[in-house]
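Do you have the model open in your viewer? Then let's walk through it together, one selection at a time.

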Amino acid sequence: MPTSLRFVTLFLFRFALVVAAVTGIGSAQAFGMVLTEESVDVIAVAPVSEDARLAGLLAKTVGGVAASSPVGKPEGQSALVAHTLSAKASASRSYGSVRVSAFRMADESLAYAMLRFLRPEDAAVTPAGDDGWVTAIQSAVRLGDIVILVSGGSDGQRSAMSDAMVAGLGRPAPNAPIVDELPDEGRIEQSERYVSSHELLKRFRPDLVEDVYRFGAGGADAVIADYSQAGGSPARLLLVEYQTPQLAAEAHRSVSAWFDALDPADRSTRLLKREGNFLIEATGVTSADAFRGTVDAVKYDYQIKMLQGPNPVAGLDAAKEAYTTAMILLGSVRLVGAGVLLALTIGITIGAVVFVRRRKAAENIFSDAGGMVHLKLEAPRLPARREPRGLLPDHSES
C-alpha cells in the first residue's frame, strides 16, 4: 500500500472517530436527559379534610339518611369535568342507594360551567340553590362556588338531601372576578350576588321576563348589588360582562329596544349605559343625576394597545423577503447535502480501512498440505522379551 494513500486513510479514519465520539457524547447526553425526565401528573384537588365546607356537607347523616360509606373521591364523568376545570376540592359519599358528590371550584363562573357540562339534554331546570337541574336518576345544584351532584335513590330522597345540604351551606360570600368591578362607594354590604343565567337574574329582576340581556346566547355573566340613596330606598345596580364586543353590541341593541318601550315614568327611575364589553343598568333610582356618578364609576379597563415603533407591514420589502427566504432554503439544502457527503465519506473511509486490513492479513496465509500434515511411519521400538512366546499356546508337551 503506498505511503501517501496510507497517510490519507489514517487521517480520514481519525477524523471519523472524532466525529463519532462527539456525536456519541451528544446522543448520550440527550438519552440521559430523556431517561431522567419523568412525566408528573399534577391534580389540583385539595384533600377533603382541609375543606371545612365539604367536610361539613357530607356529614354522617344528611336529610335523615345515614351514611353507608366513608368519604372518598368522586369518580366517573363528574370527576373528569371537575379535574378539567381545576376543582379546588372534591368529595363523595354514599347514603344507602344514594351517592352524593360535592365539588368546590375556583369561582362561581367555573362552578356554573361545570353544572352546564354535566347537564343532560333531558334535564329540567329547578330553582334549587343558585342554579340546578334534575332528571329521572340525577339532580345537581350550584350554590356559590360549590356544585352538588346527587345520584340514585328516589326523587324524594334526592330532593330532600339536596335541600338539606343547601340549607346547611347557608349563603356563601360571592366569589367571581366580576364582583371586583362594582363601585365601592355606597354599596350595601352582603348585597352582591353573582348572576350566571337568565333564570337566576329573574329572581332579582322580576321585570325581565324576556332574555333581553342575551344570556341564552352564551358568553355573558353578571353581578348585582344594592346601593344606598339619600332620601330613598336602595337602588339596584346590574353589571353584565360579555366576552366579545360583538355579543355586547347585540345585547345593547336588545336592551335598548326594550328600554325605549318602557313607560316614561318607569324609564325615569332607570339608568342604562354601555362601557366597553359592560352593560350597566340601575333601577329604583330616586335621582338620576345623583346616581349617575355611581354608574359612571364602572370602568372597562381592557384596552387594545399597538406595539411601539413603526408599522412592520409598512416597511416590508417583498423582493428582499423572497430573496432571504430563497437563501434560507438554499442554505438548508446545502447543509443537508454536506451531511450526506460527510456520512458517505465516513462510511467509505471505514470500509476502505477494513478492506485493506483484511487484504493485508490474507497475504500471510499459505496452504501447504506437506507443511501442515506429517505422517510418522517409523515403527516404534518395543522392549525385548526374555522368553519368546507364541501367539497360541503349545499343547504338545504333557
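Start by selecting α4, residues 108–118: this helix gives the lining of the largest pocket its largest share, five residues. Keep in mind as you look around that this is a predicted model.

Now add the other elements that supply at least two lining residues each: β6 (131–134), α6 (198–204), β10 (220–229) and β11 (232–242). Together with α4, they frame your view of the pocket, which holds about 700 Å³ of space. To find the middle, show Y112, S196, S197, A220 and D221 as sticks; of the 33 lining residues, these are the closest to the centre. What is the character of the lining residues, nonpolar, polar or charged? Colour them by type and you will get 13 nonpolar, ten polar and ten charged.

Stay with α4 and turn to what lies beneath your selection. The helix lies across β4, β6, β7 (138–143) and β8 (146–151). Compare its direction with that of β7, and the angle comes to about 165°.

Next, select the whole sheet to which these strands belong. Six strands, in the order β3-β4-β8-β7-β6-β5, make up an open sheet with antiparallel pairing. Look at the two ends: β3 (89–95) and β5 (124–125) each have a single partner strand, so each has one side left without a neighbour in the sheet. At the β3 end, follow the pairing with β4 (residues 98–104), which is antiparallel and runs over seven bridges. A handy spot to zoom in on is R93, with V100 of β4 standing opposite.

Now move to the second sheet, where you will meet β10 and β11 again. Here five strands are ordered β9-β10-β11-β13-β12, again forming an open sheet with antiparallel pairing. Its edges are β9 (193–195) and β12 (271–275); each pairs with a single strand, so one side of each lacks a neighbour in the sheet. On average, neighbouring strands in this sheet are turned by 20° against each other, direction ignored. Select β11 and β13 (residues 278–283) to see an antiparallel pairing over six bridges, then zoom in on E241, which stands opposite F278 in β13.

Bring in α9 next: this helix packs on the sheet, where it touches β10, β11, β12 and β13. Its direction makes about 25° with that of β12.

For the last stop, show the aromatic rings. Two aromatic pairs turn up in the whole structure. In one of them, Y227 and F291, the ring centres are 6.3 Å apart and the planes stand at 80°, so the pair is edge-to-face. Y227 sits in strand β10 and F291 in helix α9 (residues 288–296), so this pair ties together parts that are 64 residues apart in sequence.

Methods. Residues are numbered from 1 along each chain as its sequence is written. This is a predicted model: local features need pLDDT of at least 70, side-chain atom pairs count only at pLDDT 80 or more; totals for chains, interfaces and linings use all residues. Side-chain values use heavy atoms; hydrogens and water are left out. On a 1 Å grid over the protein atoms alone, a cavity is a set of points where a 1.4 Å probe fits but cannot get out, and a pocket is an open set with protein on both sides within 12 Å along at least five of seven lines; lining residues have an atom within 4 Å of a point. Grid points are joined across faces, edges and corners, and a volume is the space filled by probe spheres set on the points. Helices (H or I, at least four residues) and strands (E, at least two) are DSSP runs, numbered from the N terminus. Ala, Val, Leu, Ile, Met, Phe, Trp, Tyr, Cys and Pro count as nonpolar, Asp, Glu, Lys and Arg as charged, and the others, Gly among them, as polar. Two strands pair if DSSP finds at least two bridges between them. Contact means heavy atoms within 4.5 Å. Axes are lines fitted to C-alpha atoms, for helices over the stretch in contact, and angles run from 0 to 180 degrees between N-to-C directions. Rings of Phe, Tyr and Trp (its six-membered ring) pair if their centres lie within 6.5 Å; planes under 30 degrees apart count as stacked, over 60 as edge-to-face and the rest as tilted.
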